[in-house]
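Let's take a walk through this structure together, from the overall fold down to single ring pairs. Keep the model open beside the text as you read.

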Amino acid sequence: MLLKTGAYPRGVTWGDVIEIAGVFLVLGLYAWVAAALVSPPWGARGSTGPVSVLFLLAFTSYALGHGIHVAANSIHDTMLATDARDAWGLATFWDEWMGHVPVDLARILFVMALLLLERKRAAEWRAAAPDAAASMPGSLRVLHIAGALTYGFIYFATAVEGQTVLLALPFCAALAVHGFAARSVPPASAPVRTFFTAAALVSLLLFAIWGVWQRGFPEFTRAGVL
């Protein structure tokens, strides 16, 4: 399998390389969305101190979690290749448990921070550009749907494989409830809320299918899917 193909040095796989590159990509996307929310085209300004703290915690947690996971995963694969069984328990703990928890916690913090930013700005945006807030352009709607499907699947898949379902599933449910409770606000005026609500619904559907099919939430590898 490509993800477990050796890279350099020994013990590092192409899956590790892809994960490291993905951290830069994902954090860049979050920063881009946050910058758009803080500085909209019409120049609205305001205090974002508490939200900045959330973003700091989220960025740190996300990078730390992936750092733990990549390092532990390399050690795990090295031991697998050399049959070094004396440290299996420790490697499994860091690779399969502690490497995933900070990452999923960061995803929750990112969503909370972006929703708070959007809520602070929504009224200003609607007042400054009421026509733009009335409807969402077709191209943006397509991107929203594609992105929500992708994010919803990734969130579900990482939670199952990382065994953080107890953290991810309740948050998805809470996010869906929050989205429906605020449905009186037009989607174009709250694109972040619309996006994450749709993604949460996708995740919940996948959690339900997997949970019923497997009678629980085993990792894909243990269920023989990967």
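What follows goes from the fold to the core, then to a cavity, the aromatic pairs and one helix.

Keep in mind that this is a predicted model. The protein chain is built from 8 helices and 0 strands, so to speak in the pattern α-α-α-α-α-α-α-α when you read along the sequence. Of its 226 residues, 40% count as buried.

Start inside. The largest nonpolar core takes in 41 residues, and the ones with the most contacts inside it are Phe55, Phe110, Leu114, Tyr151, Phe196 and Phe207. Which elements give two or more residues to this core? They are α1, α2 (49-82), α4, α6, α7 and α8. The biggest giver is α4, with 10 residues. Hold on to Phe110 and Phe207, as both names come back below.

Now look for empty space. How many cavities of 30 Å³ or more does a search of the whole structure find? It turns up 1, and the largest cavity holds about 50 Å³ of space. Around it you'll find Val111, Tyr151, Tyr155, Phe171, Cys172, Leu175, Phe196, Ala199, Ala200 and Ser203. Two or more lining residues come from each of α6 (138-161), α7 (165-181) and α8 (191-214), and α8 supplies the largest share, with 4 residues. By class, the lining has 9 nonpolar residues, 1 polar residue and no charged ones. Tyr151 and Phe196 are worth a second look: they line this cavity and are also listed among the core residues with the most contacts.

On to the rings. There are 15 aromatic pairs in the count. Take tyrosine 30 and phenylalanine 110: their ring centres sit 3.8 Å apart with the planes at 10°, so this pair is stacked. It joins distant parts of the chain, since tyrosine 30 belongs to helix α1 (residues 14-38) and phenylalanine 110 to helix α4 (residues 101-128), 80 residues apart. Are these two rings' residues buried or exposed? Tyrosine 30 is buried, at 8% relative accessible area, and phenylalanine 110 is buried too, at 0%.

A second pair has another geometry. Phenylalanine 207 and phenylalanine 217 meet edge-to-face, 6.1 Å from centre to centre and with 80° between the planes. Phenylalanine 207 is in helix α8 while phenylalanine 217 is in the segment after α8, so the pair ties together parts 10 residues apart in sequence. Phenylalanine 207 is buried, with a relative accessible area of 2%, whereas phenylalanine 217 counts as partly exposed because its relative accessibility is 29%. Both belong to a wider cluster, in which ring pairs link Phe153, Phe156, Phe207, Trp210, Trp213, Phe217 and Phe220.

That brings us to α8 itself. The helix has 24 residues and spans 34 Å from its first C-alpha to its last, close to the 34 Å expected at 1.5 Å a residue. Its buried residues are Val192, Arg193, Phe195, Phe196, Thr197, Ala199, Ala200, Val202, Ser203, Phe207, Trp210 and Gly211. Compare that list with the cavity: Phe196, Ala199, Ala200 and Ser203 are in the lining as well. Just past the helix comes arginine 215, which has a positive phi, near 55°.

Terms used: Residues numbered from 1 in each chain as written. Predicted model: local features only at pLDDT ≥ 70, side-chain atom pairs only at ≥ 80, totals over all residues. Heavy atoms only, no water. 1 Å grid on protein atoms, 1.4 Å probe; cavity = no way out; pocket = protein on both sides within 12 Å on 5 of 7 lines; lining within 4 Å. Points joined across faces, edges and corners; volume = space filled by probe spheres on them. Nonpolar A, V, L, I, M, F, W, Y, C, P; charged D, E, K, R; others polar. Phe/Tyr/Trp six-rings, centres within 6.5 Å; stacked < 30°, edge-to-face > 60°. Buried < 20%, exposed > 50% of the residue type's maximum accessible area, 1.4 Å probe, protein only. Expected span 1.5 Å × (residues − 1). Core = buried A, V, L, I, M, F, W, Y, C linked by side-chain atoms within 4.5 Å.
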